[in-house]
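Reader: I should be grateful for a close look at a single part of the model shown here, set in the context of the chain to which it belongs.

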Amino acid sequence: MSRTKIGFNTKRQTLWGWILISPLCLGLTLWVAFPMGLSLYTSMTTWDMLSKAEFVGFQNYIKIFTEDELFLKSIKNTLYFTFLSVPLQMVVALCGALLLNSQVKGKGVFRTIFYLPSLIPLVVSSVMWLWLFNHQYGLINYFLNILGADRIQWIDSKEMVIPSLTIMNVWNIGNVIIIFLAGLQGIPNDLLEAVDIDGGRYYHKFRYVILPLLSPIILYNMIVNMIKCLQLFVEPYIMTNGGPVNSSLSFVLHIYNNAFKYGKMGLANAMAWILFILTMLISLIIFKTSNQWTFYEGDK
Amino acid sequence: MRKRRTGTTVCIYTFLVLGAISCLIPLFWLVRSSFMSTEDMFKLPLILFPKKLKVQNYIDVFTMVPFAQFYANTIFVVVVNIIGALISNLMIAYGLTRIEFKGRKLMFSLSIGTLMLPAYVQLIPLFLEWNWFGKINTFLPLTVPAFFGNAFFIFMLCQFLRTIPRDFDEAAFMDGASYPLIIAKIIFPLAKPAMAVVAIFQFMFTWNDFMGPLLFLNDMEKYTLAIGIRTFISTFYTPWGVLMAAATLTILPLIVLFFIAQRYFISGLTLGGIKG
């Protein structure tokens, strides 16, 4: 890289550089490093926001794994939701993007409509779906009724509550569709034409051109959405409050309850660290296994 | 051959229309319910299209809770956040891409690294910090951090600034302009499309933020819309029509903004998404 000619001398340049990025340095200290440190310390105390904190070392962490019955349940619920949602989201978004990428009239209108749900704030979509899922007066059961099927107890039953939240989650997949669509539009036409010349069908185009070229974008979206799903909170908080019988108690909701309902700040912070490690671990596993299925141009 | 092609086209349109319907129906149901009285909503068989639109719910929204106040609070927080995001991110991105100095690559990587941190993991620590500052139940925790840059925007603006030729700044520098002047007079006008993306996404993030206001605000007079909606839901009695009206009013500005500035939404998504 060539040296820039801007600036009279490097000293002044360095000074200005640091001045301009000083908000970033301050921000990283104030909003990342310091709170994380504070949280790590709190996670090793018995602080309940009222009495004085007592240092207990790793006792909170041990307690979570041995005494907290809801901890495993909430982790299980969250993982169930994540592993149900993420693959479904990827498949639906990819199908949506492939449809939008075909030569059809009114593409712009469909693109707008597909994106619309991802504009909706989670609180609003939670309230809206709460009403749609209503057993007696909800629209979904109304349709089921018309089709001759039985009404389903969506968010009111232990078995259906997580699948219901998944349906909701797949509904606002518009932003992923748009990202996939941009990726599809970046695929060079000559590669697709080459498949045509070789007598290949659409399946071959998809399997040998589109999927490999799109795989880095799929990986990116998978990780972003997985991190989002692992942090499931607003939907169960608004719609079910973790019920019925804790079957939609997500991990973040459990942390929230411990911190702000029961005032167990020490325990809650320890849980937040466990969530952090869990997220990193799953990201790492996806990354590590990804070189087997992602393809980067320029790779040999 | 020809026949199959029409078949495929019909198939594609069918799926597109089905997809579009499933995207729109929940929203239709929301708006439909917001114009109905509670008795009509709880009538079987369901009334799909109310014969008369009742606006009573929209009046009740403002009388049952200080909803206008929620609106004002949200707009205030959003505006401050946008101002903070516009200033800080452009400054930082300029410093990271156009001035060469030791440590800038490290700072760039550190900033990108924070993108990997799950946001909710940071929230309890942030709560502890603001509690320690004694600033819970003020707007400060919801506004001040915007002035310190956001990794997503920094990354996006860095990508954008790399497409602007350096000759512009160099010429200005020769004429004796300082860095702040170059940023304000040369870079900012050139970066307007990217700045629009920053403003719009900041608007969305802040408008939709739920966990932040939930943790940091206690008094109802300070609520933003996102947590204001929650006040209608109760275990004993939920006024569904009013709740739907409140939800509709919350998303209305977002939808209007989206239709005005649609291309910025799309370009923001692809800028942040593809190059990652």
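Which residues of α14(B) are buried?

Author: The model is a predicted one, and what follows should be read in that light. The buried residues of α14(B) are B:W240, B:G241, B:V242, B:L243, B:M244, B:A245, B:A246, B:A247, B:T248, B:L249, B:T250 and B:I251. Each of these has 20 or more other C-beta atoms within 10 Å of its own.

The geometry of the helix may be taken next. α14(B) is made up of 21 residues, and the distance from its first C-alpha to its last is 30 Å, close to the 30 Å expected at 1.5 Å a residue. The helix nevertheless has a kink of about 30° at B:I251, shortly before the proline B:P253. B:I251 thus appears twice in this account, as a buried residue of α14(B) and as the site of the kink.

The helix also takes part in the contact between the chains. That contact draws 73 residues from chain B and 73 residues from chain A. On the side of chain B that touches chain A, at least two residues come from each of α1 (2-34), α4 (67-98), α5 (104-113), α6 (119-133), α9 (167-174), α11 (192-208), α14 (240-260) and α15 (262-274) of chain B. Of the elements of chain B, α1(B) gives the most to this side, with 12 residues. Sorted by class, the side of chain B that touches chain A holds 51 nonpolar, 14 polar and eight charged residues.

As for the chain around the helix, chain B has 15 helices and zero strands. Its radius of gyration is 24 Å, whereas the globule rule gives 19 Å for 276 residues; the value for chain B is well over that figure, so the chain is more spread out than a compact globule. Taken along the principal axes, the box filled by the C-alpha atoms of chain B is roughly 75 × 70 × 35 Å. Buried residues account for 42% of the 276 residues in chain B. Where contacts in chain B link residues at least 6 apart in sequence, 76% of them join residues at least 24 apart.

In summary, α14(B) combines a run of buried residues from B:W240 to B:I251 with a kink of about 30° at B:I251, and α14 of chain B supplies at least two residues of the side that touches chain A.

How values were computed. Residues are numbered from 1 along each chain as its sequence is written. Chains are lettered from A and ligands numbered from 1 in the order in which they are written. This is a predicted model: local features need pLDDT of at least 70, side-chain atom pairs count only at pLDDT 80 or more; totals for chains, interfaces and linings use all residues. Two residues are in contact if their C-beta atoms, placed from the backbone, lie within 7 Å. Helices (H or I, at least four residues) and strands (E, at least two) are DSSP runs, numbered from the N terminus. Ala, Val, Leu, Ile, Met, Phe, Trp, Tyr, Cys and Pro count as nonpolar, Asp, Glu, Lys and Arg as charged, and the others, Gly among them, as polar. The radius of gyration is taken over C-alpha atoms; the globule rule is 2.2 Å times the number of residues to the power 0.38. A residue is buried if 20 or more other C-beta atoms lie within 10 Å of its own, exposed if 12 or fewer, and partly exposed in between; C-beta atoms are placed from the backbone. The expected span of a helix is 1.5 Å times one less than its number of residues. The bend at a residue is the angle between axes fitted to the seven residues ending there and the seven starting there.
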